[in-house]
Amino acid sequence: MGNQRVYNFSAGPSMLPLEVLERAGAEITNYQGSGMSVMEMSHRSKVFQKIFDDTQAKLRALLNVPEGYKVLFLQGGASLQFAMAPMNLIGRTGKADYAVTGNFSNLAYKEAQKYGQISLAASSADKNHTYIPAQDQLKLDPEASYFYYCANNTIYGTEWQYIPETGDVPIVCDMSSDILSRPVDVSKYGVIFAGAQKNMAPAGLTVVIIKESLAGHELPYTPVMMNYKTMIDKDSMYNTPPCWCIYMLGLVLDWLESKGGVEGMQAIKHAKAQMLYDVIDSSRLFTCAVDPAARSDMNVVFRTGSDALDAKFVKESVEAGFTNLKGHRSVGGMRASIYNAMPTEGVEKLCDFIKAFDKNN
Ligand SMILES: *Cc1c(COP(=O)(O)O)cnc(C)c1O
């Protein structure tokens, strides 16, 4: 079954570890003697509550989440957080700072403008989002209720290599496409959020890690479902949580632990990305426009310089057993998304394919 799988370089939803899929498959009709699938269980049942608690505990342990922070399992995708964060946090001063370094931070920046006075702390639009602004390029307002940035720019292939220094201003960070790929000092953040479908679980779950003291100051019209305080008080179960995705996250976290946790994953993912960048940089045909100091270990963008050759590359890559290497429509070229679940072997084979294409064209 497993050996007919393709190397799927999709930006999201993306590959899940084969071991995880096989375990889920084995348990799909009867979860550990319960006589039912996790998909059929009451979210209030003891057996599901244990799955929920264990998954939350595993995530806390892997990311070293300190006391005073809550891990929430929500819905609505990362995109709902673009509204939820300002609605809950901007009330303190009515102002917030945003760094726009790609498509998703730009969407968040625009959405936030409905709820308060939003300043552009930095933008990389002047160079088509091929770099990450340095600390001294950030225009920070000490009165801001929070500072917002997106850690990994899934479409443009850049990744912040530092945590911005913002003084007393809490940081809100979209980590959808690089969470669990490297250790992170959670104590430096006010809110971390991530849609699950890149590096964690199937689509339908959004993980939010929030400093509890920041909740409870939401704008008066904040829907109850979008109030961090509600979800903290109800431990993410004000209503039915995405049960199946939470279960799948638990399996992924077990797998991650077996790979050495986030420290282990950091070494693996960096080696995978470096292998790919080295092949691109030493080729005749391919280039990566991203500033080497800002290159993402998760989404590698590259191109030949000819639309016709890019199309040929994508077409032949499919015939060779790779999928989803076509770049995002707003950037063109190619993009290889190599999240945690992409085996090293898949990247090695892609490197061989790139080298052969480079030689033959
Ligand atoms: C995919 C992605 C999003 C959008 O996530 P949804 O769950 O589809 O709303 C937001 N931010 C980043 C960085 C992403 O990669």
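Visitor: What makes the pair formed by a polar side-chain atom of Thr154 and an oxygen atom of the ligand a polar contact?

Guide: Welcome! In this predicted model, a polar side-chain atom of Thr154 lies 2.5 Å from an oxygen atom of the ligand. A polar contact is a pair of N or O atoms within 3.5 Å, so this pair counts.

Visitor: How do you know that Lys198 has a polar contact with the ligand?

Guide: Here an N or O atom in the side chain of Lys198 is 2.5 Å from a ligand oxygen. The cut-off is 3.5 Å, so the pair qualifies. The backbone takes part as well: a polar backbone atom of Ala78 is 3.0 Å from an oxygen atom of the ligand. As for cover, the ligand taken alone exposes 390 Å², and the protein buries 86% of that.

Visitor: Which residues around the ligand are the closest?

Guide: They are Ser79, Thr154, Asp174, Gln197 and Lys198, out of 13 residues that surround the ligand. By class, this shell has four nonpolar, seven polar and two charged residues. Helix 3, residues 77–89, gives the most to the shell, with four residues.

Visitor: Why are helix 8 and helix 9 called oblique to each other?

Guide: Helix 8 (residues 307–319) and helix 9 (residues 344–360) pack at an angle of about 135°. Roughly perpendicular ends at 115 degrees and roughly antiparallel begins over 145, so an angle of about 135° is called oblique. The two axes are 12 Å apart, and the crossing of helix 8 and helix 9 is right-handed.

Visitor: Why are helix 2 and helix 6 oblique to each other too?

Guide: Helix 2 and helix 6 (residues 243–258) pack at an angle of about 45°, with their axes 9 Å apart. Roughly parallel needs an angle under 35 degrees and roughly perpendicular starts at 65, so about 45° counts as oblique. The crossing of helix 2 and helix 6 is left-handed.

Visitor: What kind of peptide bond joins Gly12 and Pro13?

Guide: A cis peptide bond, with omega at about -10°. To find Pro13, look in the loop between strand 1 (7–8) and helix 1 (18–26).

Visitor: What is the phi of Asn64?

Guide: Asn64 has a positive phi of about 55°, although it is not a glycine. You can find Asn64 in the loop between helix 2 (46–63) and strand 2 (69–74).

Key:
Residues numbered from 1 in each chain as written. Predicted model: local features only at pLDDT ≥ 70, side-chain atom pairs only at ≥ 80, totals over all residues. Heavy atoms only, no water. Near = heavy atom within 4 Å. Polar contact = N/O pair within 3.5 Å; in protein donor to acceptor, adjacent residues only side chain to side chain. Areas by Shrake-Rupley, 256 points an atom, 1.4 Å probe, with all protein chains shown as cover. Helix = DSSP H or I, 4+ residues; strand = E, 2+ residues; numbered from the N terminus. Nonpolar A, V, L, I, M, F, W, Y, C, P; charged D, E, K, R; others polar. Axes fitted to C-alpha atoms, helices over the stretch in contact; angles between N-to-C directions. Left-handed = near helix turned anticlockwise from the far one by under 90°.
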